[in-house]
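Subject: Structure handover

Hello,

Here is the structure I promised to pass on to you. Have a look at it first, and then read on for what I found in it.

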Amino acid sequence: MSVVVLVGAGPRASGILERLGANASGLFDGPLEVHLVDPFAAGAGRVWRHEQSPLLRMNSMAEDVTMFTDASVTCEGPIRPGPSLAQWAASCLAGVTLEPGVRAELAAMEPTSFPSRRVQSAYLKWFHERAVSSLPDGSSVTTHATKVVRITGSAQVRQRVWLADRAEPLVADVVVLVLGHLDTVVAPEHRELADYAAAHGLTYLPPDYTADTDLSVVPAGADVVVRGMGLAFVDLAVLLGEGRGGRFVRDDGVLRYVPSGREPRLHVGSRRGTLYHSKTGYRLRGEPPEPPRFFVATELLARPGVLDFRRDVWPLMAKEIAYGHYRELFTGHPARVREPWESFSARFASLDWYSDGMRALVAEAVPAEADRIDFERLDRPIDGLEFPSADDFQEFLRAHVTADVARRSDQAFSADLGAFLALLGVYGQFAVLSAAGRLRGENGWWHGFFSSIASGPPPDRLEELLALSRAGVVRFLGADTWVRAEDGVFLAGSPSVPSHVVRATGLIEARLPVHTLAHTADPLLRSMAVAGDVTDVDGLVLVDPSDSRVVDATGTPHARRFAVGPYTTRKAYAAFARPGTNAPNFRQSDEVAREVLRFLAAAAGGADESVA
């Protein structure tokens, strides 16, 4: 029997299992023996495991989450449609075993709800079981709740996969690394801060996954600086507020936070100095979005030489996103523009995004400034602003966030959703471009910008943060926040409020660790790096852009080893997708599954029984 080992058992692994089942009949004859190796439960994996606080939620609506291919997906393999999370909750729960709290949440859930991560965990577990059942008759799937520490074997022989908790290896025809988000060794900067905190009786928490962090070490009533204002901070505020017994009440329509007395005071800042933009709460009114037409990876890759992000790439990305914004504005709100979409779009297509002609066109056709898209203002909304006191800045930022939530909840501004959907298309194209290895000068800015626009929290989460701010549990520092370990405490401030400096007894890095191959804490990747079995490209594991095979230090793709996930050069692929968007993760999973099956078929035909 042909043997496949998947190193990792989260949603991406389930997606590959589903694609193996969907494609098997056309490419491979016979059953499969599959081994899944992951310390966490199969299907949900680490990030979406059931064993986390029920207060932690997704930042996607239930109707926008699917694990199934649909008619929009362009892949070689067969399309196997299935329910989105919302559809599953509405009609597919018969016979499904669920924890009572999860079942109650599902019963009350609407398509536009932002579910808890435990609800998503249940959906992913159900999908995983369905994917397993789709494998060829006679197949088996065995899970191992441990880690892989090394793999041995040339491309000419079957692979030995060594596990942390057993002496004998698994022997596999093919190994697929589906490792997900990984830990790193503590960076020197964070080690120094931890040593400083220990020496002065302070609290310091380095970058980590918030659900995994031991927050019990954060004292009640302490002044704590928080670096980072993205989703990790949102989770942190939830767990240190409501998670410690605080509660929210609504008085005359205004949400108020009632403290438990066990909360710290969180002084939060970042480079941008603002919270991520709220998720939108409406649907398109105009014409449906088009596939990307200005930012197309294959067209850029047809150019010779290296591509510079700011010169060659970002102007096309910006134009594509703006096109989606104005398409919805012109077709969904024609009373707010001065000409028909057909004439505007024709002129728009002929102009460069940052040209004087484009600025003149937008000014002429879109009278209200609130209807125009300005990427620099979206990215750095408080640059250049200075406030006389910290209290003045609190009032300003609360008003800024309130206005953002109102805009993202008002159908009149559905052009923002048009931009968001175009942003998703750009994201997929950028993944293809990035995987080709010819892009320079991006330096992580795009991911931060994308996250701030497209990966923000639900609007009610921002309303809760405003209530925490009014209660004094959260205090905003400003843009370009600085932190110093000095005078036995942590000092923090921002150019936004030059007169204000916080003296804190704690510092929390509210951001995920930045994984690089050179600093990985994963034992398998470390062993592969030492053995020359991987190539490091800007901290990422190089994989063949055509099929995701792992490329070794000689530049040769290993015929029996594949890798997918954020630690690879094809990193920009999410675990699940929004329906109807031709999501790249489906295309990649299908591609990998088909290559695995083709290899197995060829190996079986040659009676490949050799073992390293």
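α12 and α15 cross in a left-handed manner. This is a predicted model, so please read everything below in that light. The angle between α12 and α15 (residues 459-470) is about 165°, and their axes lie 10 Å apart. That angle is over 145°, so α12 counts as roughly antiparallel to α15. On the α12 side the residues that meet α15 are Q394, R398, V401, T402, D404 and V405. Their counterparts in α15 are P459, L462, L466, S469 and R470.

A second helix pair has another geometry. Helix α1 (residues 11-27) packs on helix α17 (residues 584-605) at an angle of about 50°, with 8 Å between the axes. The two helices are therefore oblique to each other, and α1 passes α17 in a right-handed crossing. From α1, the contact draws on R12, G15, I16, R19, L20, N23, A24 and L27. From α17 come, among them, F586, V592, V596, L597 and A601, together with charged residues including D590, R594 and R598.

Next, two helices with buried residues. How many of the 10 residues of α14 are buried? In α14 (residues 445-454) the number is 8, so this helix is mostly covered. W445, W446, F449, F450, S451, S452, I453 and A454 are the buried ones. They pack against α8, α11 (375-379), α12 (390-408) and α13 (415-435), and α12 is also the partner of α15 described above.

Helix α10 (residues 356-365) has M358, L361, V362 and A365 buried. These residues span an arc of only 95° around the axis, so they sit on the same side of α10. The buried residues of α10 pack against α8 (309-332) and α9 (341-349). α8 thus takes part in the packing of α10 and of α14.

Now to the sheets. One is an open sheet of 5 strands in the order β8-β19-β9-β12-β15, and its pairing is parallel. β8 (203-205) and β15 (474-476) are the edge strands; each has a single partner strand, so one side of each has no neighbour in the sheet. On average, neighbouring strands here are turned by 20° against each other, direction ignored. Strand β12 (residues 265-269) runs parallel to β15 and is joined to it by 3 bridges. Within that pair, L266 has V474 of β15 as its bridge partner.

The other is an open sheet of 3 strands, ordered β4-β5-β6, with antiparallel pairing. Its edges are β4 and β6 (170-172), each with a single partner strand, so one side of each is left without a neighbour in the sheet. Neighbouring strands of this sheet are turned by 25° against each other on average, again with direction ignored. Strand β4 (residues 148-152) and strand β5 (residues 159-163) run antiparallel and are joined by 4 bridges. V148 is bridged to L163 of β5, and I151 to V161 of β5. The hairpin they form has 6 residues between the strands, and G153 there takes a positive phi near 130°.

Positive phi values also turn up in residues other than glycine, and you may want to look at two of them. D252 has a positive phi of about 50° although it is not a glycine. D252 lies in the loop between β10 and β11 (254-258) and counts as exposed at 84% relative accessibility. For D480, phi is near 50°, also a positive value in a residue other than glycine. D480 belongs to the loop between β15 and β16 (482-486), and its relative accessibility of 38% makes it partly exposed.

Finally, which residues does E242 contact, leaving aside its neighbours within four places in sequence? They are L55, A237, F248 and Y257. E242 sits in the loop between α6 (231-240) and β10 (247-251), and with a relative accessible area of 29% it is partly exposed. E242 and A194 are 48 residues apart along the chain, and their C-alpha atoms are separated by 27 Å.

Best wishes

Conventions:
Residues are numbered from 1 along each chain as its sequence is written. This is a predicted model: local features need pLDDT of at least 70, side-chain atom pairs count only at pLDDT 80 or more; totals for chains, interfaces and linings use all residues. Side-chain values use heavy atoms; hydrogens and water are left out. Two strands pair if DSSP finds at least two bridges between them. Axes are lines fitted to C-alpha atoms, for helices over the stretch in contact, and angles run from 0 to 180 degrees between N-to-C directions. Buried means under 20% relative accessible area, exposed over 50%, partly exposed in between (1.4 Å probe, protein chains only). The arc is that of the directions from the helix axis to the C-beta atoms. Contact means heavy atoms within 4.5 Å. Angles under 35 degrees count as roughly parallel, over 145 as roughly antiparallel, 65 to 115 as roughly perpendicular and the rest as oblique. A crossing is left-handed if the near helix is turned anticlockwise from the far one by less than a right angle, and right-handed if clockwise.
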